[in-house]
Amino acid sequence: MRTVFVFNGPNLSRLGTREPDVYGADTFADLEALCRGVGRELGLSVEVRQTDDEAELVSWLHEAADGAIPVVLNPAAFTHYSYALRDAIAQRTAPLVEVHISNPAAREEFRHTSVVAAVATGTIAGFGLRSYELALRAIAEEQA
């Protein structure tokens with residue numbers, strides 16, 4: 001089975017309680033179960049991680065690049081300002097899909113800019129947790 005990492009940035013462990021009007025009622029455990037289930041369906045081994053620490057996320061991206069492991073990444077707030085994250089993504093050796101549960105372009109102006117989008121394979125946003133499913137399907141198709 002091909003491994004795919006699903007990395008999540010700050011505050012995503014708070015799904016289900018954090019702004020449910022924006023992010024929905026599903027929990028982080030629901031997100032993990034969805035990603036693993038879709039992965040099984042697609043013949044992928046999915047490893048889901050979450051961190052509030054930018055340095056840890058950069059290290060995980062280095063791990064993915066070193067192993068040529070595809071990544072689904074929700075950089076969360078780091079999307080808008082983390083050049084360290086952008087530079088780590090630029091070193092990728094396999095597909096990386098940026099995902100967002102909400103549609104940042106439809107929210108506050110400061111959320112409209114992604115410093116990571118230009119170095120990602122693609123971006124999927126605004127479909128709730130289904131954004132992750134769509135990203136996993138895109139990676140599976142690219143890897144086929």
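# A guided tour from Leu-73 outward

Leu-73 is buried, with a relative accessible area of 0%. The model under view is a predicted one. Select Leu-73 and the strand that holds it, β3, which covers residues 71-74. With neighbours within four places in sequence set aside, the contacts of Leu-73 are Phe-7, Leu-57, Ile-89, Leu-96, Val-97, Glu-98 and Val-99. Display Leu-61 as well: 12 residues separate it from Leu-73 in sequence, and the C-alpha to C-alpha distance is 9.4 Å.

**The helix pair α3 and α4**

Next, select residues 54-67, helix α3, together with residues 83-90, helix α4. The two helices pack at an angle of about 5°, and their axes lie 9 Å apart. α3 is therefore roughly parallel to α4, since angles under 35 degrees are classed in that way. To see the contact itself, show Glu-54, Leu-57, Val-58, Leu-61 and His-62 on α3, and Ala-84, Leu-85, Ala-88 and Ile-89 on α4. By residue class, this contact comprises 7 nonpolar, 1 polar and 1 charged. Two of its members have appeared already: Leu-57 and Ile-89 are among the contacts of Leu-73.

**The cavity**

Remain with these helices and turn to internal space. Over the whole structure, a search finds 1 cavity of 30 Å³ or more. The largest cavity holds about 60 Å³ of space. To outline it, select Leu-61, Ala-64, Ala-65, Ile-69, Val-71, Ala-88, Ile-89, Arg-92, Thr-93, Ala-94, Pro-95 and Leu-96. Which elements give two or more residues to this lining? They are α3 and α4, and α3 gives the most, with 3 residues. The lining as a whole divides into 10 nonpolar, 1 polar and 1 charged.

**His-100 on strand β4**

Move now to strand β4, residues 96-100, and select His-100. Is this side of the tour buried or exposed at His-100? His-100 is buried, at a relative accessible area of 8%, because the limit for that class is under 20%. Beyond neighbours within four places in sequence, its contacts include Asn-74, Pro-75 and Thr-79. The list continues with Thr-123, Ile-124, Ala-125, Gly-126, Phe-127, Gly-128 and Ser-131.

**Two positive phi values**

Select Ala-76, in the loop between β3 and α4. Its phi is near 55°, a positive value in a residue other than glycine. Most residues other than glycine have a negative phi. Ala-76 counts as buried, with 15% relative accessibility.

Then go to Asn-11, in the loop between β1 (2-8) and α1 (20-23). Asn-11 also has a positive phi, near 75°. Asn-11 counts as partly exposed, at 36% relative accessibility.

**Last stop: Ala-117**

Finish in the loop between β4 and β5 (122-125), where Ala-117 is placed. Ala-117 counts as partly exposed, at 30% relative accessibility. With neighbours within four places in sequence left aside, Ala-117 is in contact with Glu-98 and Thr-123. Both residues link back to earlier stops: Glu-98 is in contact with Leu-73, and Thr-123 is in contact with His-100. For a closing distance, select Arg-92, one of the residues that line the largest cavity. Ala-117 and Arg-92 stand 25 residues apart in sequence and 13 Å apart in space, C-alpha to C-alpha.

Methods:
Residues are numbered from 1 along each chain as its sequence is written. This is a predicted model: local features need pLDDT of at least 70, side-chain atom pairs count only at pLDDT 80 or more; totals for chains, interfaces and linings use all residues. Side-chain values use heavy atoms; hydrogens and water are left out. Axes are lines fitted to C-alpha atoms, for helices over the stretch in contact, and angles run from 0 to 180 degrees between N-to-C directions. Helices (H or I, at least four residues) and strands (E, at least two) are DSSP runs, numbered from the N terminus. Angles under 35 degrees count as roughly parallel, over 145 as roughly antiparallel, 65 to 115 as roughly perpendicular and the rest as oblique. Contact means heavy atoms within 4.5 Å. Ala, Val, Leu, Ile, Met, Phe, Trp, Tyr, Cys and Pro count as nonpolar, Asp, Glu, Lys and Arg as charged, and the others, Gly among them, as polar. Buried means under 20% relative accessible area, exposed over 50%, partly exposed in between (1.4 Å probe, protein chains only). On a 1 Å grid over the protein atoms alone, a cavity is a set of points where a 1.4 Å probe fits but cannot get out, and a pocket is an open set with protein on both sides within 12 Å along at least five of seven lines; lining residues have an atom within 4 Å of a point. Grid points are joined across faces, edges and corners, and a volume is the space filled by probe spheres set on the points.
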